[in-house]
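Student: Please take a close look at a single part of this model, the annotated binding site. Then follow the chain outward from there.

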Amino acid sequence: HMKGAIFDLDGVIVDTAKYHYLAWKALANRLGFEFTEAHNERLKGVSRVESLRILLEIGGIEVDEQTFNEMAESKNKEYVASIAKLQPEEILPGAKAYLQQLRSQGVKIALGSASKNAEFILSKLEIADLFDAVIDGNKVSKAKPDPEVFVSASVALGLDPKDCVVFEDAEAGVQAGKAAGSKVVGIGSPEILREADLVIAGLAELAG
Ligand code: BG6
Ligand code: MG
């Protein structure tokens, strides 16, 4: 029985995953290498710093700490410029309806995201008030697949992780949810989200 629902943000509630990808791809191209959607799967759900580490590994590039920090900052600047234009209409189909439905059933709702831009995105989408707790990249120290973000979100809801269902589009996020002891609904491709308890194409399948 689900007492709490914990939602990833990027790729689950809103398609910001594409803006992350475009900003990382632009950085890779500036550095002189291609960055494909297959490469990008490794970055989904992963923190900004860890994402850059993986990207540079793919490009076979080594940089000093200052350059690393500048690169992370320039990617974020480009990303924030694209999400600054986000509209409430860009909430993924069914996501808002499903959140409202769960609330009306008395299910507690948390956000469990690696992003440091999560509060900004929720405010742009005008859905911050639908969450009882927000655990984001500013509040966790260990990135997915570590379960920290989902354990913290359960605690913030006053619940045991095993009474919570995690909704995730990233392989690292599915692993984090399972490691926390929650049931996990994968959103996307069953080939990529193999460890999820159930895989759906989008929250529209559950709303209504
Ligand atoms: C996750 C995304 O939600 O947040 C990752 O799936 C991203 O792709 C991570 O790297 C960190 O986001 P931000 O906004 O703090 O750079
Ligand atoms: Mg995601």
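**The annotated site and its surroundings**

Tutor: The UniProt record, an unreviewed entry, places the feature "binding site" at Asp 8, Asp 10, Glu 168 and Asp 169. These positions span 162 residues in sequence, yet no two of their C-alpha atoms are more than 9.0 Å apart, so they gather at one spot. Keep in mind that this is a predicted model.

Start with Asp 10. Its place is the loop between β1 (4-7) and α1 (17-30). Asp 10 is buried, because 24 other C-beta atoms lie within 10 Å and the cut-off for burial is 20 or more. Neighbours within four places in sequence set aside, Asp 10 contacts Thr 16, Ala 17, His 20, Ser 113 and Ser 115.

Now Glu 168. This residue belongs to strand β4 (residues 164-168). Glu 168 is buried too, with 31 other C-beta atoms within 10 Å. Beyond its neighbours within four places in sequence, its contacts include Asp 8, which is also on the annotated list. The others are Val 12, Gly 173, Val 174, Gly 177, Val 184, Gly 186 and Ile 187.

Next, the ligand. Ligand 1 has 18 residues around it, and Asp 10, Arg 48, Ser 115, Lys 116 and Asn 117 come nearest. Asp 10 thus appears both in the record's site and in this nearest group. Ser 115, another of the nearest group, is one of the contacts of Asp 10. By type, the shell divides into 5 nonpolar, 9 polar and 4 charged residues.

Two helices now deserve attention. Take α1, the helix that follows the loop of Asp 10. Its 14 residues reach 20 Å from first C-alpha to last, close to the 20 Å expected at 1.5 Å a residue. Buried in α1 are Ala 17, His 20, Ala 23, Trp 24, Leu 27 and Ala 28. They cover an arc of only 140 degrees around the axis, which puts them on the same side of α1. Ala 17 and His 20 are also contacts of Asp 10. The face turned away from the buried side carries the exposed residues Asn 29 and Arg 30. As for packing, the buried residues of α1 meet α2 (37-41), α3 and α4. Just after α1, Gly 32 takes a positive phi of about 95 degrees.

Then α3 (residues 48-59). This helix has 12 residues and reaches 17 Å between its first and last C-alpha, close to the 16 Å expected at 1.5 Å a residue. Its buried residues are Arg 48, Ser 51, Leu 52 and Leu 55. Seen down the axis of α3, they fall within an arc of 95 degrees, so they line one face of the helix. They pack against α1 and α4 (65-83). Arg 48 links α3 to the ligand: this residue is buried in the helix and is among those that come nearest to ligand 1. Just after α3, Gly 60 has a positive phi of about 65 degrees.

Two backbone details remain. The peptide bond from Lys 144 to Pro 145 is cis, with omega near 15 degrees. Pro 145 sits in the loop between β3 (133-135) and α7 (148-157). Glu 126 has a phi near 60 degrees, a positive value in a residue other than glycine. Its loop runs between α6 (118-125) and β3. Glu 126 counts as exposed, with 12 C-beta neighbours inside 10 Å.

Methods: Residues are numbered from 1 along each chain as its sequence is written. Chains are lettered from A and ligands numbered from 1 in the order in which they are written. This is a predicted model: local features need pLDDT of at least 70, side-chain atom pairs count only at pLDDT 80 or more; totals for chains, interfaces and linings use all residues. UniProt positions are given in the numbering used here, feature names are shortened, and annotations may be inferred rather than shown by experiment. Helices (H or I, at least four residues) and strands (E, at least two) are DSSP runs, numbered from the N terminus. Two residues are in contact if their C-beta atoms, placed from the backbone, lie within 7 Å. The expected span of a helix is 1.5 Å times one less than its number of residues. The arc is that of the directions from the helix axis to the C-beta atoms. A residue is near a molecule or strand if its C-beta atom, placed from the backbone, lies within 6 Å of it. Ala, Val, Leu, Ile, Met, Phe, Trp, Tyr, Cys and Pro count as nonpolar, Asp, Glu, Lys and Arg as charged, and the others, Gly among them, as polar.
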